[in-house]
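Me: Could you take a close look at a single strand for me, and walk me through what surrounds it? I'd like one connected answer rather than a list.

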Amino acid sequence: MTTPPDASSTSLAERLGVRAVTATVKSVETLSPSLAAVTLSVPDIAIAGVPGNDVMISIAKLDGSLARRRYSVRSTNAEESTVTFWVTTHHDGLASEWLRSATPGAQTDLVGPRGKIVLDPLADWYLFVGEISALGAFYNLAEAIETPGKAIFIVEVPEATDIVTTSFDSGLGVTGIFIERQGRAPSDAEGILRGLAAFEFPEGHGHAYLFGEFSQIKAAKLALLDRGLTEDQISSKAFWRQGKANQDHGEPDKTSDS
Ligand SMILES: Cc1cc2nc3c(=O)[nH]c(=O)nc-3n(C[C@H](O)[C@H](O)[C@H](O)COP(=O)(O)OP(=O)(O)OC[C@H]3O[C@@H](n4cnc5c(N)ncnc54)[C@H](O)[C@@H]3O)c2cc1C
């Protein structure tokens with residue numbers, strides 16, 4: 001039996017002008033040592049929005065209150081009315097533990113669609129920079145690029161076996177630079193900065209999408225501004241922050257003194 005969403009989810013959705021539904025876990029599939037694909041059955045696929053959007057799941061905390069966590073949509077299936085997102089499972093956190101052990105039939109409130117970053121329709125090339133938690137968002141955005149076009153991925157992964165690839169329309173020129181973390185801290189931007197340094201901007205107008213760990217994203221943005229991209233050519237979003245749980249509304253702490 002499907003229970004209605006919690007009143008707090010319904011009122012949050014109302015405030016945001018989006019939807020709240022009860023979603024049911026359909027499957028959890030291991031993609032790599034650090035990444036799993038979670039598919040939820042939803043009563044209304046509109047909750048997934050457009051490529052670049054995310055949804056908020058709710059997890060009950062020990063005190064009974066709900067914490068929310070945001071996950072970018074990897075794909076949707078309108079016929080089956082499902083939403084899939086790719087989640088990192090290698091850390092100990094409220095959501096990752098819940099999702100790791102979720103079995104088909106488990107339920108969660110879903111609030112969405114969330115997020116303002118969508119594909120720039122005018123770009124000639126698209127650069128996706130970040131770490132493994134952003135891979136689902138990057139691939140979903142890249143699949144929406146009108147062909148012919150160019151997509152470049154510079155993505156840090158914990159280990160080589162976490163390089164999860166996908167196939168794109170043959171009209172899309174794709175370059176993938178995957179960097180193994182090799183024991184560096186996730187907040188250490190050295191790997192992606194090296195990846196960026198090895199990459200020459202193509203001709204034409206580019207748009208960069210920077211998603212992932214807070215400090216890495218900050219460093220990558222500075223490097224791209226330094227290379228001549230303008231603020232409006234860069235869309236960045238910190239997904240999480242090393243050493244700090246995301247806040248109950250799903251955002252990482254962005255204060256600079258911590
Ligand atoms: C708009 C948006 C979209 C997002 N989309 C995705 C997505 O598609 N896939 C995805 O996997 N994540 C995504 N995230 C990130 C995800 O919401 C956070 O990683 C969240 O912190 C996980 O919650 P948790 O309860 O497991 O861990 P928390 O309770 O938040 O954190 C517990 C501990 O784990 C650490 N931690 C949190 N996340 C990670 C991580 N990824 N790797 C290593 N350590 C971590 C924290 O630093 C903390 O020390 C997104 C976040 C936002 C804001």
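Reply: Let's go with β6, in what is a predicted model. Six of its seven residues are buried, so β6 is largely enclosed by the rest of the structure. On one side there's strand β2, residues 35–41, which pairs with β6 in the antiparallel sense over seven bridges. If you want a handle on the register, look for T39, which stands opposite T84 in β6. Strand β5, residues 75–77, also runs antiparallel to β6, and three bridges join the two. Here the pair to pick out is T76 and its bridge partner in β6, V83. β5 and β6 form a hairpin with four residues between them. Check the backbone in that turn, where S81 has a positive phi of about 55°.

Now zoom out a bit. The protein is divided into domain 1 (7–114) and domain 2 (125–240), and the centres of the two, taken over C-alpha atoms, are separated by 24 Å. Where they touch, 15 residues of domain 1 are in contact with 15 residues of domain 2. On the domain 1 side, β1 (19–32) and β6 each supply at least two residues, and β6 gives the most, with three. As for chemistry, that side of domain 1 divides into seven nonpolar residues, seven polar and one charged.

Your strand also turns up around the ligand. The shell there has 30 residues, and H91, G93, S96, W240 and A245 come nearest. β6 (82–88) is one of the elements that give two or more residues to this shell, along with β4 (66–72), α2 (94–101), α3 (135–143) and β12 (234–240). Sorted by class, the shell has eleven nonpolar, twelve polar and seven charged residues. Both domains give residues to it, so the ligand lies between domain 1 and domain 2.

Two of those other shell elements deserve a quick detour. β4 is largely enclosed too, because five of its seven residues are buried. Its antiparallel partner is strand β3, residues 54–60, with seven bridges between them; S58, for instance, has R68 in β4 as its bridge partner. β3 and β4 make a hairpin with five residues between the strands, and G64 in that hairpin takes a positive phi near 90°. Over in β12 you'll find A238, which counts as buried because it has 20 C-beta neighbours inside 10 Å. Leaving out residues up to four places away in sequence, A238 touches F214, I217, P252 and K254. For a sense of scale, the C-alpha atoms of A238 and T3 are 32 Å apart, with 235 residues separating them along the chain.

Last stop, the nonpolar packing. The largest nonpolar core has 60 residues, and V55, L110, F128, V129 and F138 touch the most other members. Domain 1 and domain 2 both give residues to this core, so it lies between them, too. To see what one of those residues packs against, select V129: outside its neighbours within four places in sequence, V129 is in contact with I154, I192, L196, A208, L210 and A220.

Conventions:
Residues numbered from 1 in each chain as written. Predicted model: local features only at pLDDT ≥ 70, side-chain atom pairs only at ≥ 80, totals over all residues. Near = placed C-beta within 6 Å. Nonpolar A, V, L, I, M, F, W, Y, C, P; charged D, E, K, R; others polar. Domains from an automatic or database assignment. Core = buried A, V, L, I, M, F, W, Y, C linked by C-beta atoms within 7 Å. Buried ≥ 20, exposed ≤ 12 C-beta atoms within 10 Å, placed from the backbone. Contact = placed C-beta atoms within 7 Å. Pairing = 2+ DSSP bridges.
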